[in-house]
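Thanks, everyone; I would like to use these few minutes to go through the contacts in one model, first between two chains and then between two domains. Please have the structure open while I talk.

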Amino acid sequence: MKEVFDVIIIGGGVVGCAIARELSRYRLKIALLEKNLDVGYETSGRNTGVCHGGFAYDVGSWKAKLCLEGNRIMGDVAQELSFPFKRCGKVLVGNTQEDYDRLLEVIRQGEAIGAKGLTMIDGEELHRRIPGVIGNFAMLSENSGILDPFQMTIALAENAARNGVSFFFGQEVTGIRREEDRYVIETPRDTFAARWVVNSAGLACGKISDMLGLRGYRVIYSKDDYILLDQRLGREVPMPIYTVPSNTYMGIHVTVTTDGNLLLGPTAEDTENSAYYGVEQKNLDFLYKAAMDIWPHFTKGDYIRTYSGILPKWADDEGRIQDFKMEIVDDVAPRAVNLVGIESPGLTASVAIARHVIGMMREREAFPENADFDPIRKGTRRFAEMTAEEQAQAIRENPDYGELICRCQKVTRAEILQAIHNPLGVHTVTGVKYRTRAMMGRCQGGYCQMRITRMLEEECGLAPQEITYAREGSQMLYGLVREEAYHGEA
Amino acid sequence: MEKLDVLIVGGGPAGLAAAVRLYEAGVHDILIVEREKTLGGILRQCIHDGFGLTRFGESLSGPEYAARFICRVKELGIPYSTDAAVTEITEDRKVTVVTREGLKVYAPRAVVLTMGCRERTRGALAIPGERPAGVYTAGVAQAYINIYNRMPAKNVIILGSGDIGMIMARRLTLEGAKVQAVYEVLPYPSGLPRNVLQCLDDYGIPLYLSHTVTCIHGDRRLEGVTISKVDEHLRPIPGTEEYHSCDTLILSVGLIPENELSLNAGVQLDPKTKGALVDEHYETTVPGVFAAGNVLHVHDLVDFVSQEAEALAKAVARYLSEGFDGGTIDVRCGTGVRYTVPQRITGGEAFTLSLRVTAPMKDVTVVACQGGAVIGKKRMKKALPAEMIRMQVTPQQGAGEVEVRVDA
C-alpha cells in the first residue's frame, strides 16, 4: 500500500485539480488519482472553452450561483496561475420577434439570478462588434469570456503540485472500502488510503458514488462534437456567437478560442457510451450547415481538427436534468465529498465549486493553514507572444528560444523542454501539445512531431516504442528500422 | 538591420536552384535561410530514385539530386544559414530570422519565397471517428523511417494515391510492414502512372479507386478503419461500408503550398493553386517578393521545380538591375483547365506556362488564345491531372486577356 493520505481526490479534471489546488492552502497530505496519463483529458479538455456569464440557469441553483462566482473570480485566478482568459463578452443572436421576446426573457432570468452586464443590442451595434454575423439583434453578455481549458486545468494542477499535492496517473479506481477511520482505494496498480475522499470523477461520478455507498444517482451522458478551424478566421470573430437557446439545448455556437482558432459546435446528443469520442459524419454536416446560418465566412478547407466531448448529467427518473450535486452524507460515507453531475458550467465554476466543497469539509474538520502556500504559478513564456525585443532578449538568455521546433505555432525548443519536464511528470505527446500548442496548427504536427517524439526519447530516457500519444497503449512507434543505423543529424 | 540583394526563404530544391542561378547571373549578395540543420528540403527524406530524369538525364535519389545543387552552392560560396527560421516578412520586405545566435532583421531588395508545401491532414479532411495514434501523413511516416530510423507501422492501409503515398506503400513493404491496400476517392489515381506501376503493381498492393475511409476506430492505437465506396460526386454510398483491421492509416491526400509567411507579407493567393498569384516573372502581388516551386503550386517532378526557380532567378536578376512593372493582364482558365501559373502577365514577353487539367483526357490540344489568336499550343496523347503540363506561350503586346483551354 502507498502511504496514507489525508485526502485523496479521484479525478484530475478541472474540478479535481481546482480542489487539489484550493486544498493545498491547508497543511494536508493530498493525492490526486487520475486514470488517464494527464489531467483534463476528458470533459474538462473537450468543450467550448467559454467562461459563462451565468444567466442561463435556474434561480437559486448551484449552477447559477457557482457559475456567477466562478466568472467573478476568473480574472484573478487566471492572473495568479497564468492561463489564457479573456473577458471578451458573448452574443446570443436572433432574427424574429419570437427570438426577441425569448432573449428578453433570458435577460430577466439572468438578472433574477444576479448576472450583470446583460443588454439587448440592435443590428447595427451587433454588426459593428462582429462584422459579417447573421442576425437582426442580439443579447450581449459583457461578462462572458473565453479561456483555455487545457491550460487552466494544467495550471491548477501544477500549482497544486508545487504546493505539495501528489499526482498519480494511470490509476483508475476499481474499488473503495472503509477500514475504521479511513478509506482504502484500489486501482489495478496500487492500493491507496486516506481519511478523506473526494469524488470528482466526472464521467465516472456515478460509479465512484456507488463505490462510496451513495447509490441511486442516475447519470446520463451528453456528447458534443466540434470542428476546429484555422486561426486565420478567429481574428475575425472577437467573441463567441450563440443562437437563441431553447429550453434543452444551448444551440450551436461559433466561438473563438484563446489561441484564435474558430470553433464550431456542439451537437449535444445523448449517448450510452461515456468512453466513445468518435465524431460522426452527420454531425459534421449538421455543424457546417448550422454554423453557416450564423457566420458564413469559412469553408471546409479551413478545418484543422474535429473532436468530441461528453458531459455527465444527473437526471431524475423522468430524465429531467438536475443541478450540481455536492454532498457529504455523514451517516453513509463520512468524510467523503460526493460530486455528481458536474457538467457545464463546471469549467467556469470549478474554483468556486472547490471553495464550496472545502467549506463543507471544514465544517466537519479543522484544517491547519499551510503557511508555505504559494498561489502563483508562472507559466511557460511563449515565444509566439513576445515582442521582437523580448524574443531577442529571450534567445540571449537561453539559446533554446532561438530554435523553432513547431513552425506554424512558433514554439521553440525552450518551451518544449519545459513542457517535457513539467511538474506533474506527464510524458505523453499530447502532454507536450496541450502545454505548448506545438502540433496544434494547420499542419497538425507534420513538421514537428518527429522532433518532439525524439526529444521525449532523449529527455525522458524512453525507447521509441514507449512513446505514448495520449492514453495508455496509444503507442506511436514500433522501434527502430535498423539497429545499426547511423544516428546522425536529422 | 542588414541590407542585402536577395533573401531566399527555404533551402530546398527551389531555393537552391534560384540561388545558384542568381549567383551565376552576377547577383552575389544573397542569403539562403533554411530551418533544418542541412540544406536540401524534403529531398533529404526522398531516398527513392527517379529524380533528375528531365534535368540531368539520369535517375537520382532525392539526396543525390539535392547534392548536385548543394555542391554548387558551396563551390560558389553562396551564403546560407541553417537552423534558421524566418518568423516574419513585412510588406516592405523586412525579414526576421531567428537562430540560436539571436534574432536578426534583414532588409533585402528582393525576397524569394521557396518554402515548399505541407501535407493535408486527417483533420483537414474531417474523417469521422476516433483519434488514436497510428494515423500519419505519408511524409511524416517517410521522415520517421528514412531520417529518424523509427518504424511507425506494421499493418497498414493507405488512403490516397498521391505520389508519396504510393512511394511509402513500397517503402513500408520493403521494411517489413504489411500494406493491405491503397484506397483512392477519385475514379483515377492522383499520383504518377509510373508510381502505380513501380510502387503498387510490382509489389502486389491493390489500388481501389472510388473508395474512401469513412470512419477511424480505436481510442489508443488505431484498430481499424471503415472503407466505403463513393458515388460520382465522391459521396460515400450507404451500405457499402467494410471494416478493415489495421494499426496504421497513412494519408496521401494532397499537398498544400506553405504560405503562412507569404500571407504575412501581404501576398495575394490564388484559391485554386493555394499559392501566390504571380506574373511571368514569378513576382507576387507584393513588389519585390517572388515565389517558385511547391510554395507557388504543387509540382509532380522536382526537375520542374528547379527549372521554375531558375526562371525566377533570371527575372529577379533583371528586377535588381533594371526593375519592371508587375503583370496586369489576366490569364483565364477555360474549359478543361484547373489552374495556370502565371495567373497574369505583363504582355509582350514569351514565357513558360504551367497548367493542370481538370480530369484525365485523351488526344487533346491545350490552346492559349489572346483575342482570338492562338499564342501557344500543345498536342497531348494523354493529359492527366497528376501530370503538370508546361508549354511556351508568346503573347502579343496590348492584345488583352489570355485564355487557356483544352480542345478535343
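When I say contact, I mean heavy atoms within 4.5 Å. Please also keep in mind that this is a predicted model.

With that meaning, chain A brings 61 residues to the contact between the chains, and chain B brings 44 residues. Together they bury about 4800 Å², with 53% of that area coming from carbon and sulfur atoms. On the chain B side, B:Arg100, B:Arg131 and B:Tyr148 account for 16% of what chain B buries against chain A, more than any other three residues.

Turning to the polar side of this interface, there are 8 salt bridges between chain B and chain A, and A:Arg482 forms a salt bridge with B:Glu175, where the closest N and O atoms lie 2.6 Å apart. The number of residue pairs in polar contact between the two chains is 23, counting pairs with both residues at pLDDT 80 or more. By class, the side of chain B that touches chain A holds 18 nonpolar, 18 charged and 8 polar residues.

Now to the domains within chain A, where the assignment gives domain 1 as 87-144 + 219-310 and domain 2 as 383-466. Their centres, taken over C-alpha atoms, are 32 Å apart, and 7 residues of domain 1 are in contact with 7 residues of domain 2. These two domains of chain A bury about 590 Å² between them, 29% of it on carbon and sulfur atoms. The count of salt bridges between them is 2, and A:Arg442 and A:Asp230 meet through their side chains in a salt bridge, at 2.5 Å from N to O.

Note on methods: Residues numbered from 1 in each chain as written. Chains lettered and ligands numbered in written order. Predicted model: local features only at pLDDT ≥ 70, side-chain atom pairs only at ≥ 80, totals over all residues. Heavy atoms only, no water. Domains from an automatic or database assignment. Buried area = accessible area lost by both parts, 1.4 Å probe. Salt bridge = Lys/Arg side-chain N within 4 Å of Asp/Glu carboxyl O. Polar contact = N/O pair within 3.5 Å; in protein donor to acceptor, adjacent residues only side chain to side chain. Nonpolar A, V, L, I, M, F, W, Y, C, P; charged D, E, K, R; others polar.
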